[in-house]
Amino acid sequence: MTDAWKPATVAVTAGRPPHEPDQPLNTPLTLASTYVAGGDLEYGRYANPTWTAFEDALGVLEGGRALAFSSGMAAVTTVLDLVGQDALVVAPAHSYTGTLLHLADLESRGRLRTRLVDITDTEAVVAACDDAALVWFESPTNPALEVADIPRIAAAAHDAGAYVVVDNTFATPLLQQPLSLGADLVVHSVTKFLAGHSDVLMGAVVTADEQLHGVLKGRRDLLGATPGALEAFLALRGMRTLHLRVERSQANATALAGRLADHPAVAEVRYPGFGGIVSIVLAQGAMAADLLVHKTRLWVHATSLGGVESTFERRRRWKAEPATIPDGLVRLSVGVEDVEDLWDDLRAALDDLG
């Protein structure tokens, strides 16, 4: 029935045991490294029923087949491991720091070549695809929140013979389904919105291409980049409320973006119009941003995002963050608290900067 159901229903129902007498409503946590031989599981590095339930649910939401990984970076590195020797990867200049660092490391060792682009300049990105083997992008980007023309870029990449990967961590499959827009692979940091409670470290890759799925599973099995069963159990439980959390955090983010734009301490608000992430640039720069994140009582100074709680940080406090990100940019991950409490806390801290 999942083809006829809306995403909110799929998030609640997919990956559950069959509706039969005495079956549990939730897929149980399977803690096993070894299985009796002769079946499909064999060994704990190859499969786990708890992973499979999570993968089934995410796969239906994204419109493909999912593979769970031990972290978002494990998913990223496994995909990039498939790129041929000295092949070209096109990627946004503004991307998740871990992705950019791994690309730089691979390039420094002569494994591949990287061409960084402004993902909002569609014509330039299309031109950059000419001799690429893989086009990687985020939309919205982290932390600049730039939005890419996924269908146009994907079409150009395919014309050039390149694969297309979209990191869909910020948008989630409830707001954007890149496979339906032309992407070959979707990557998630499950740690963020999918799990949603700041207690899971996990990643995922989704594809509708059976051959790619088989290759990626083979790499995961060989490299051992597999998630723990408990992490998969918690991530699937978190996904049951994904639609509620995304709806609330997006409503809060939209309201806050409008109010922040009117505050004199804020020089710029970056919000793509969807999702739960807002970035602001403070008029007084880096020092004001560093002060802001220590002046609140409700907002938490933390580097991750996508949880039920609201967190924020100045991104350029990390030395590896691109120099084109403003010193005074603060990325806000808007949670599901009451928006008036969030605003009162943030406004008081901004007022105090003056």
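Biologist: Why is the crossing of H2 and H9 called left-handed?

Modeller: A crossing counts as left-handed if the near helix is turned anticlockwise from the far one by less than a right angle, and as right-handed if clockwise; in this predicted model, the crossing of helix H2 (residues 49-62) and helix H9 (residues 229-239) is at roughly 35°, with axes that come within 8 Å, and its hand is left. The axes are lines fitted to C-alpha atoms over the stretch in contact, with angles from 0 to 180 degrees between N-to-C directions.

Biologist: What makes the residues of H2 and H9 meet in the sense of a contact?

Modeller: Contact means heavy atoms within 4.5 Å, and residues including Trp-51, Phe-54 and Leu-58 in H2 meet residues of H9, among them Phe-233, Leu-236 and Met-239. The residues of this contact divide into 12 nonpolar, 1 polar and no charged.

Biologist: How do you know that the protein chain is as compact as a globular protein of that length?

Modeller: The globule rule, 2.2 Å times the number of residues to the power 0.38, gives 20 Å for 354 residues, and the radius of gyration, 21 Å, is close to that, so the chain is as compact as a globular protein of that length. The radius is taken over C-alpha atoms, which fill a box of roughly 70 × 50 × 35 Å along the principal axes.

Biologist: What makes a residue count as buried, and what percentage of the 354 residues do so?

Modeller: Buried means under 20% relative accessible area with a 1.4 Å probe, protein chains only, and 53% of the 354 residues count as buried.

Note on methods:
Residues numbered from 1 in each chain as written. Predicted model: local features only at pLDDT ≥ 70, side-chain atom pairs only at ≥ 80, totals over all residues. Heavy atoms only, no water. Helix = DSSP H or I, 4+ residues; strand = E, 2+ residues; numbered from the N terminus. Nonpolar A, V, L, I, M, F, W, Y, C, P; charged D, E, K, R; others polar. Buried < 20%, exposed > 50% of the residue type's maximum accessible area, 1.4 Å probe, protein only.
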